[in-house]
Amino acid sequence: MGQASSCWADTAKCINKSEDINGNGNGNGKDLTQTLPDECLIYVLEKLGCHDRNTCSLVCKRWRLLDSKSRNRLSLHALSDISASLLQALLSRFSSVSILSLKCSRKHLSIDNHVLSLIPTLLPSLNKLKLRGCLDVSDDGLIAFSLHHPRFLTKLSFASCGFGVKGLISLLSNCHSLRDLTLKRLRKLDSHNVNTLNFHLRQIQIERLCFKDLHNTRLFIPLLCSSEALKTLVVCRSSGNWDTVLETSLQGRTSSIFEIQMENVHMGDAGLSAISASCPDLQLLYLNRATDCTDSGLNAIAKSCRKLKKLHIDHAGSIGDDGVSAIASKCCQLQELVLMGLPVTLVSLNVLASSCPLLERMALCNTETIGDSEMAFIASKFCALKKLCIKTCPVSDSGIEAVGEGCPKLVKLKVKRCRGVTQKCVSRLKLHRTSLVVSVDAVWPKSFDEQGMLAMVNETETLPMPNTRMHRSTRTDVICSSRSASLLSSNLFGRRPN
């Protein structure tokens, strides 16, 4: 909200100290905010950041009360200094909070089991809970927490906490409304022997599972087998043989999973075959550095997962034209395609253009096989394309100009680390297609308006080229990182992550 939001508290104080409406200057001025309905003040408070909102709550009792009633999100430093009485006093003020985040540095003592067990009773409408760095929370704390059977708790996220298998089983057994579970860096969970995990559970209703930086992969086979309603599976930097996990947990049944993200994991064609056999409704598939995947595994996906709409492949094994062509020929509903580090050629591009009429978003990155001829082909054949990203490819001005003359529905073009593309070419493209948003990583002048572009285009002398040395950007460029695929798509095509 900027300065305007931070001035609300000061404005209200000034109104109290100002002259009255008749200008008598007798110091009995009215507080004009008293005429505002509670709904209006609550609407304004909801638009403020945490710091500004805390400041506004100190203005008067009314603002404090409205702030307490309207807050539904609270983030606390979960240090050991937070006693049970302090937490009770704090949460009794914000009793309508539905999203609670408790974070603590692993260098400090965190809240204990008793404090955690009080949260369900103090926040009856709790919907989401996140614990990070709470190493002093053990199995006993999670068991006490789950025995309150929180009715509305649908999302749990744990990172670097101190509980193990018993606490996890208690949560899954007693939190019947749980739909989303995220587990990150749980060392005590990794240290347990797989034989200690015995699920005696009914079919749980979890719809999303996310595992990050975990290493006891076989531990989750019973959990995957019990999650009949599972729709999204995210596995990131978790060691172990995920081929075995997927084959065992998905074997002999049809799953309702429609999104799978596998990043930096040991998975190959056997895992892809298990997915294809059990997930006919698969719509989103992300393979990031799954080094054992080949064209054969992608062929299996193409044969069974005909509803596939989004495919992201980042340096995944030895996948090439054959695998991409198989997907293109069988998955006619494909809308988004991201290929990074894959040697795709005109062969697979031709199949994509002829078989995927709904393809709207495409990114081709880190490959030497995408040049000007391929760009010209894309410009002439991909008529439905709306967003295109080209990164670290041997593309020159002629390729970009071809895209500008073709692709009639293109609204956004992103060109990154293509040294053959000059500023002059981009300037001409912007003038030729004013509705097209062009994003490049070249070094532009600080003030570069339309007149400047006209002068550059009409100039007869050769302009000195800017320094082409790559500058480190302050914004994270997710397209070539190993972060999660949801952030990948949001940064590629200008959308927020779900």
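This passage describes the overall make-up, the nonpolar cores, the helix contacts and some individual residues of a predicted model.

In this predicted model, local features need pLDDT of at least 70 and side-chain atom pairs count only at pLDDT 80 or more, whereas totals for chains, interfaces and linings use all residues. Residues are numbered from 1 along each chain as its sequence is written, and side-chain values use heavy atoms, with hydrogens and water left out.

The secondary structure of the chain comes to 21 helices and 15 strands, where helices (H or I, at least four residues) and strands (E, at least two) are DSSP runs numbered from the N terminus. Of the 498 residues of the chain, 48% count as buried; buried means under 20% relative accessible area, exposed means over 50%, and partly exposed lies in between (1.4 Å probe, protein chains only). Among contacts between residues at least 6 apart in sequence, 75% join residues at least 24 apart, a contact being defined by heavy atoms within 4.5 Å.

The largest nonpolar core has 122 residues, and those with the most contacts inside it are Phe-158, Leu-183, Phe-211 and Leu-388. Helix 9 (residues 165–174) supplies the largest share of this core, namely five residues. Apart from this core lies another one, of seven residues, among them Leu-45, Cys-56, Val-59 and Trp-63. A nonpolar core is here a set of buried Ala, Val, Leu, Ile, Met, Phe, Trp, Tyr and Cys residues joined through side-chain atoms within 4.5 Å.

When residues up to four places away in sequence are not counted, Leu-388 touches Met-362, Met-375, Ile-378, Val-403, Leu-410, Lys-412, Leu-413 and Lys-414. One of these partners, Met-375, lies in helix 17 (residues 372–381) and counts as buried because its relative accessibility is 0%. Leaving aside neighbours within four places in sequence, Met-375 is in contact with Ile-370, Leu-388, Ile-390, Val-395, Gly-399, Ile-400 and Val-403. The C-alpha atoms of Met-375 and Ile-390, 15 residues apart along the chain, are separated by 9.4 Å.

Two packed helices are described by the angle between their axes and the distance between the axes. The axes of helix 6 (residues 84–93) and helix 7 (residues 113–122) come within 10 Å and cross at roughly 25°; axes are lines fitted to C-alpha atoms, for helices over the stretch in contact, and angles run from 0 to 180 degrees between N-to-C directions. Helix 6 and helix 7 are therefore roughly parallel to each other, since angles under 35 degrees count as roughly parallel, over 145 as roughly antiparallel, 65 to 115 as roughly perpendicular and the rest as oblique. The contact is made by Ala-84, Leu-87, Gln-88 and Leu-91 of helix 6 and by His-114, Val-115, Leu-118, Ile-119 and Leu-122 of helix 7. These residues divide into seven nonpolar, two polar and no charged, where Ala, Val, Leu, Ile, Met, Phe, Trp, Tyr, Cys and Pro count as nonpolar, Asp, Glu, Lys and Arg as charged, and the others, Gly among them, as polar.

For helix 15 (residues 321–330) and helix 16 (residues 346–355), the axes come within 8 Å and cross at roughly 5°, and these two helices are therefore also roughly parallel to each other. Helix 15 contributes Asp-321, Val-324, Ser-325, Ala-328 and Ser-329 to the contact, and helix 16 contributes Val-347, Ser-348, Val-351, Leu-352 and Ser-355. By class, this contact has five nonpolar, four polar and one charged residues. Seven of the 10 residues of helix 15 are buried, so helix 15 is largely enclosed by the rest of the structure. What covers its buried residues includes helix 14 (295–304), strand 10 (310–314), strand 11 and helix 16.

Leu-337 lies in strand 11 (residues 336–340) and, at 1% relative accessibility, counts as buried. Not counting residues up to four places away in sequence, Leu-337 touches Leu-311, Leu-352, Leu-359, Arg-361, Met-362 and Ala-363.

Two residues other than glycine have a positive phi: Asp-213, with a value of about 55°, and Arg-289, with a value near 55°. Asp-213 lies in the loop between strand 6 (208–212) and helix 11 (221–226) and counts as buried at 15% relative accessibility, whereas Arg-289, in the loop between strand 9 (284–288) and helix 14, counts as partly exposed at 28%.
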